[in-house]
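Biologist: Please show me the structure, and let me ask how its descriptive terms are justified.

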Amino acid sequence: MTLHTDWRGIPKNALGTVAALGNFDGVHRGHVHLLNSLRAARPDHPLSVVTFDPHPRELFRPQDPPCRLMLPDVRAKALEEQGVSHVFQIPFDEEFSRLSAESFVQDVLLRSLGVRHVACGADFAFGHRRTGNTDDLEALLAPKGVGLTIVPQLVDEGGPISSSRIRRLLQEGYPERAALELGRPWSIVGPVIHGDQRGRLLGFPTANIPLRQHLEPARGVYAVQVTLPDGRVIPGVANIGRRPTINDGQESRLEVHLFDFSEDLYGKTLSVALIALLRDEKRFSGLEELKGQIAQDAEQARGLLEV
């Protein structure tokens, strides 16, 4: 898979693909359904995705908390696993946001990317102030001989599967239900940074990973599975929150304790999959009470993960 981050300079060997349009945040089951529908409609051309970075919400509502289910490099890898040959990751900035619906189709999709067929959801909107809809898209593509497949949302017993629905499940503390929508457990991916060594003093050394632009899920303690850079998967227990017992509560963070593990992880990138929420964030009377609770949390996580 090739990642392209400049839509104005696409090499010739990347032209002529069939393209799925959207943010693809999470690359969930609904996104996979869209990709499979496009592949079935036009199996004669390489499969590509046209997506955006940053997420448009970050440009238009910068005061909002981070909302991403996955960061761009993880998204690209997930799309590659679905058989996507090219990811056209368009920088979504002020200039691009002012592009008209017609210019998006004519200048980006047709002239720069040379797409042969396009697929999107029925609610796809594009162009300045989201003025373009699927009827406009079809009208602009058809004269150039480029087809359009409009793919209905994938639906389960809870309704249409969507990134916003998955975000809500995570924020409400249901990672196992979010995993059903995603098709895999939801993970926070990031580098291990130096912390304040509190976990080591409590008898449970932790790897500290910044949330960065990830969505912050429900604060509390989770049973987790941690994937190391070499592919090993280590069970553990993690805390997400502001640690109200031992600091000033100004910064949310992910702290993960890996069971029966003592290797140096500083600077390495880990993928921490949330399996189940064990308890909500809580303030304790002191470090001894906190230490006892952490031991209980670890034991509960071991049982749930069958360690």
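The discussion below takes up burial, strand pairing and helix packing in turn.

Modeller: This is a predicted model, in which local features need pLDDT of at least 70, side-chain atom pairs count only at pLDDT 80 or more, and totals for chains, interfaces and linings use all residues. Residues are numbered from 1 along each chain as its sequence is written, and side-chain values use heavy atoms, with hydrogens and water left out.

Biologist: Why is Cys-120 called buried?

Modeller: Buried means under 20% relative accessible area, exposed over 50%, and partly exposed in between (1.4 Å probe, protein chains only). Cys-120 has 0% relative accessibility, so it counts as buried. Cys-67, at 3%, therefore counts as buried as well.

Biologist: What makes strand β4 largely enclosed by the rest of the structure?

Modeller: Strands (E, at least two residues) and helices (H or I, at least four) are DSSP runs, numbered from the N terminus. In β4, residues 86–91, 5 of the 6 residues are buried, so the strand is largely enclosed.

Biologist: How do you know that β3 pairs with β4?

Modeller: Pairing requires that DSSP finds at least two bridges between two strands. Strand β3 (residues 47–53) is joined to β4 by 6 bridges, so the two count as paired, and they run parallel. Val-87 in β4 is the bridge partner of Val-49, and Ile-90 is that of Phe-52.

Biologist: What makes β1 and β6 edge strands?

Modeller: The open sheet of 6 strands has the order β1-β4-β3-β2-β5-β6. Each of β1 and β6 has a single partner strand, so one side of each is left without a neighbour in the sheet.
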